[in-house]
Amino acid sequence: MKTITLIAVLMLALYSAQAQLDSEQRPRVFFSSGFVTPQFFSGIELMSALDNREKGLSNYTSSEGTQQSIGSSGANTGFSLGIGYYLPIQKVRGLSIGLMVNSAQTGSTPSRSGYNEGYFFNFLNFSGSVQYYPFAQADLYVKGEVGMGSVWTKNRFINEMGDQDFLHHFGIGLEAGAAIGYTKKPFKNKNLGIFVEGQYQYYQTRVEVSDIGDDQWQFGALRLAIGIEF
């Protein structure tokens, strides 16, 4: 969250410095928030945790190899926050390039364990992006992005001693994504707009896991967001 705040301040400073440019040259800053849900593709530890949730089993395995039944878990869903900065390319109508940061926090808890158990899956990307409005008379746009992605997770469980315990993982790697959105400018100030956007992201990260070592995680994320640009 501190990273997003710092980048937001820097983007606002850049925007203010160029505020005297005409509307076709002005940089655009945006903020967005929305709903996000990840999909898990591969990774030994990643898929093992998913298998436990699908079977309704605890994240903790006792020394005898047993796991408690804790009830069904819902899908990992949560919210996302995004900020970005776009600079129009004057020679190509409708084309802009920029930078963006998206942060997502998701989690699920089983039906019978209350606060005792839970799985929290969070991820973030810092990426370069290209945005394009293909139609002169329409506010529909498409965009693509590629950059650095990171993931951090937390398994919460009750151990063999009856104490609450946690297992954390962190990884870093690559992220790529594509989106389609629609911008509307209903205000007198035509530099101010609101937008809705659907985005899909793909992450490939390297995670160090005890007893496994180098665990390659692959996962995707579907996001639906609403935001403001100015």
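Reader: What makes the contact between E229 and R28 a salt bridge?
Author: In this predicted model, the closest N and O atoms of E229 and R28 are 3.5 Å apart. The cut-off for a side-chain nitrogen of Lys or Arg and a carboxyl oxygen of Asp or Glu is within 4 Å. The pair therefore counts as a salt bridge.

Reader: Which parts of the chain does the pair of E229 and R28 tie together?
Author: E229 lies in strand β8, and R28 lies in strand β1 (residues 28–42). The pair ties together parts that are 201 residues apart in sequence.

Reader: Are E229 and R28 buried or exposed?
Author: Both are buried. That places each under 20% relative accessible area.

Reader: What makes E197 and R223 a salt bridge?
Author: Their closest N and O atoms are 2.8 Å apart. The cut-off is within 4 Å, so the pair qualifies. E197 sits in strand β7 and R223 in strand β8, 26 residues apart. E197 is buried, and R223 is buried too.

Reader: How do you know that D214 and R206 form a salt bridge?
Author: The N to O distance between their side chains is 3.2 Å. With a cut-off of within 4 Å, the pair therefore counts.

Reader: Why are D214 and R206 called partly exposed?
Author: D214 has a relative accessible area of 42%. R206 stands at 44%. Partly exposed is what falls between buried, under 20%, and exposed, over 50%. So D214 is partly exposed, and so is R206.

Reader: Which residues do salt bridges that share partners join into one network?
Author: K143, E197 and R223 are joined that way. A search of the whole structure finds six salt bridges.

Reader: What makes the eight strands a closed barrel?
Author: The strands run β1-β2-β3-β4-β5-β6-β7-β8 in a closed barrel, with antiparallel pairing. The twist averages 25° from one strand to the next. The chain as a whole has two helices and eight strands. From the N terminus on, the order is α-β-α-β-β-β-β-β-β-β.

Reader: How do you know that β7 and β8 pair?
Author: Two strands pair if there are at least two bridges between them. Strand β7 (residues 193–209) and strand β8 (residues 213–229) have 17 bridges, in the antiparallel sense. They therefore pass. One facing couple is V196 and I226 in β8.

Reader: How many bridges join β6 to β7, and how many pair β5 and β6?
Author: There are 14 between β6 and β7, which run antiparallel. T183 stands opposite F195 in β7. For β5 and β6 the count is 19, again antiparallel. There, W152 has F170 in β6 as its bridge partner.

Reader: What lies between β5 and β6 in their hairpin?
Author: Five residues do. G162 in that turn has a positive phi of about 85°.

Reader: What makes the phi of D211 stand out?
Author: Its phi is near 70°, a positive value in a residue other than glycine. Most residues other than glycine have a negative phi. D211 is in the loop between β7 and β8.

Reader: Why is D211 called exposed?
Author: Its relative accessible area is 88%. Exposed means over 50%, so D211 earns the word.

Reader: What makes E208 partly exposed, and which residues does E208 touch?
Author: E208, in strand β7, has a relative accessible area of 44%. That value falls between 20% and 50%, so the label fits. Leaving aside residues up to four places away in sequence, E208 touches H169, F170, G213 and D214. E208 and G171 are 37 residues apart in sequence, yet 7.2 Å apart in space, C-alpha to C-alpha.

Reader: Which residues form the nonpolar patch on the surface?
Author: V92, Y132, F135, L140, V142, I180, Y182, V196 and I226 form it, with about 750 Å² of accessible area together. β5 (140–158) and β6 (164–184) are the elements that give two or more residues.

Reader: Why can V92 belong to a patch?
Author: A patch residue needs over 30% relative accessible area and no salt bridge. V92 has 37%, so V92 clears the area cut-off. V92 is found in the loop between β2 (77–88) and β3 (95–108).

How values were computed: Residues numbered from 1 in each chain as written. Predicted model: local features only at pLDDT ≥ 70, side-chain atom pairs only at ≥ 80, totals over all residues. Heavy atoms only, no water. Patch = residues over 30% accessible without salt bridge, like charges linked within 9 Å, V, L, I, M, F, W, Y side chains within 5 Å. Areas by Shrake-Rupley, 256 points an atom, 1.4 Å probe, with all protein chains shown as cover. Helix = DSSP H or I, 4+ residues; strand = E, 2+ residues; numbered from the N terminus. Buried < 20%, exposed > 50% of the residue type's maximum accessible area, 1.4 Å probe, protein only. Axes fitted to C-alpha atoms, helices over the stretch in contact; angles between N-to-C directions. Contact = heavy atoms within 4.5 Å.
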